[in-house]
Amino acid sequence: MVKPYALLFDHVATRIDPERAHHLGFAGIRAGAPLLSRLPSPGAPVRAMGLEFPNALGLAAGFDKNAVGVDALAGLGFGHVEVGTVTGLAQPGNPAPRLFRLTADRAVLNRMGFNNEGAQAVAERLARRAVRRPRGSGPVLGVNIGKSKVVPDDDQRAVEADYERSASLLAPHADYLVVNVSSPNTPGLRSLQAVERLGPLLAHVRRVADRATPGRRVPLLVKIAPDLADDDVLAVADLAVAGRRDEVLDGVIATNTTISREGLRTPAAEVAALGAGGVSGAPLAARAEAVLRLLRGRVGDDLTLVGVGGIDGPEAAAARLAAGADLVQAYTAFVYEGPAWPRRVAGALAGSGDAPA
């Protein structure tokens with residue numbers, strides 16, 4: 001049976017520029033916030049990092065960059081919503097067009113470039129939300145922070161100061177904080193994944209977050225790329241273990257988008273014509289799961305691991321949990337499958353009756 005959303009996506013959405021379609025779809029979700037925010041969360045609770053998650057499925061960073069629809073998105077069934085990536089300074093991102101569908105691959109290619117309103121504006125919006133909805137009454141809220149493009153990537157002190165601005169403004173509103181050093185769309189950003197640079201950066205963000213939230217420790221995670229060599233993944237794992245021991249780090253999100261173009265069904269010439277950017281969705285699944293397994297095998301049971309990349313349904317989500325994830329996140333499958341998808345997946349993960357037929 002053909003699903004209504006599939007017909008809408010195939011015959012309407014694909015005729016609209018992907019970025020415009022995203023804004024229209026998200027506006028529709030936000031319009032439904034008064035109803036959606038009243039719906040019970042599907043699935044079963046999961047405890048991680050000292051937090052109670054309504055279910056294991058979250059929305060990855062990138063969908064709600066400016067924290068404008070957190071509660072409406074949770075109403076669709078996501079147990080946690082990660083907003084951002086937010087940068088210290090507001091920035092427009094890369095020139096459009098910068099978002100492309102690879103429908104044959106159930107994938108998306110993007111080079112958005114951390115387009116967002118900046119840490120100050122997002123912090124003010126989250127403060128207004130907190131007046132309406134006190135902490136603990138909604139979904140778990142993650143805030144993903146990244147480097148402003150104008151900050152030189154080879155100036156460690158400037159990089160740390162930039163992340164400091166974001167962390168100091170946003171940590172008070174976050175249930176957990178994520179340091180993003182793995183987007184391929186900010187020049188030089190991925191160089192921060194080198195452990196000799198990543199360790200001091202994470203320690204600095206930890207100190208800043210602690211100062212900004214006296215009496216409450218905000219869990220800190222780092223998001224890494226799937227394109228790291230296995231040895232580099234293990235090096236990050238060792239850094240994470242040390243960070244956990246020193247009470248700096250609480251977990252790792254694996255993974256961000258990939259710069260690889262291997263194995264795509266979309267013709268190579270067509271992909272090349274789209275230009276640079278990171279690929280998300282189904283083609284990422286195998287490598288994202290492999291990175292997760294490497295991490296879990298190295299870090300043991302103490303660190304929280306969040307599996308993301310190519311999770312397209314309940315079976316894939318369950319497989320990622322079985323591979324060592326404590327929580328899973330999705331984005332691209334949500335775009336392809338529609339607003340009923342999160343509730344179905346979260347419910348199925350728990351073996352509950354929440355998943356619609």
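How far apart are the end C-alpha atoms of helix 10, and what span should its 15 residues give at 1.5 Å a residue? The legends below take up this helix in a predicted model, then turn to the barrel.

**View 1. The span of helix 10 (residues 285-299).** The end C-alpha atoms of helix 10 are 21 Å apart. At 1.5 Å a residue, its 15 residues should span 21 Å, so the two values agree. G300 follows helix 10 and has a positive phi, near 75 degrees.

**View 2. The two faces of helix 10.** Buried here are A285, A288, V291, L292, L295, R296 and V299. Seen down the helix axis, these buried residues fall within an arc of 135 degrees, so they line one face. An α-helix has 3.6 residues a turn, so residues three or four places apart point the same way. Exposed A286 and G297 sit on the face turned away from the buried side of helix 10.

**View 3. Packing partners of helix 10.** Its buried residues pack against strand 9 (220-224), strand 10 (251-254), strand 11 (278-281) and strand 12 (304-308). They also pack against helix 8 (230-245) and helix 11 (314-322).

**View 4. The barrel and its closure.** Eight strands form the barrel in the order 3-4-7-8-9-10-12-13, with parallel pairing. From one strand to the next, the twist averages 25 degrees. Strand 3 (residues 57-59) and strand 13 (residues 327-330) run parallel and are joined by three bridges. G58 has Q329 of strand 13 as its bridge partner.

**View 5. Helices across the strands.** Helix 13 (residues 341-349) lies across strands 3 and 13, at about 155 degrees to strand 3. Helix 6 (residues 156-170) lies across strand 4 (80-87), strand 7 (140-146) and strand 8 (176-180). Helix 6 runs at about 160 degrees to strand 7.

Note on methods. Residues are numbered from 1 along each chain as its sequence is written. This is a predicted model: local features need pLDDT of at least 70, side-chain atom pairs count only at pLDDT 80 or more; totals for chains, interfaces and linings use all residues. Side-chain values use heavy atoms; hydrogens and water are left out. Two strands pair if DSSP finds at least two bridges between them. Helices (H or I, at least four residues) and strands (E, at least two) are DSSP runs, numbered from the N terminus. Axes are lines fitted to C-alpha atoms, for helices over the stretch in contact, and angles run from 0 to 180 degrees between N-to-C directions. Contact means heavy atoms within 4.5 Å. The expected span of a helix is 1.5 Å times one less than its number of residues. Buried means under 20% relative accessible area, exposed over 50%, partly exposed in between (1.4 Å probe, protein chains only). The arc is that of the directions from the helix axis to the C-beta atoms.
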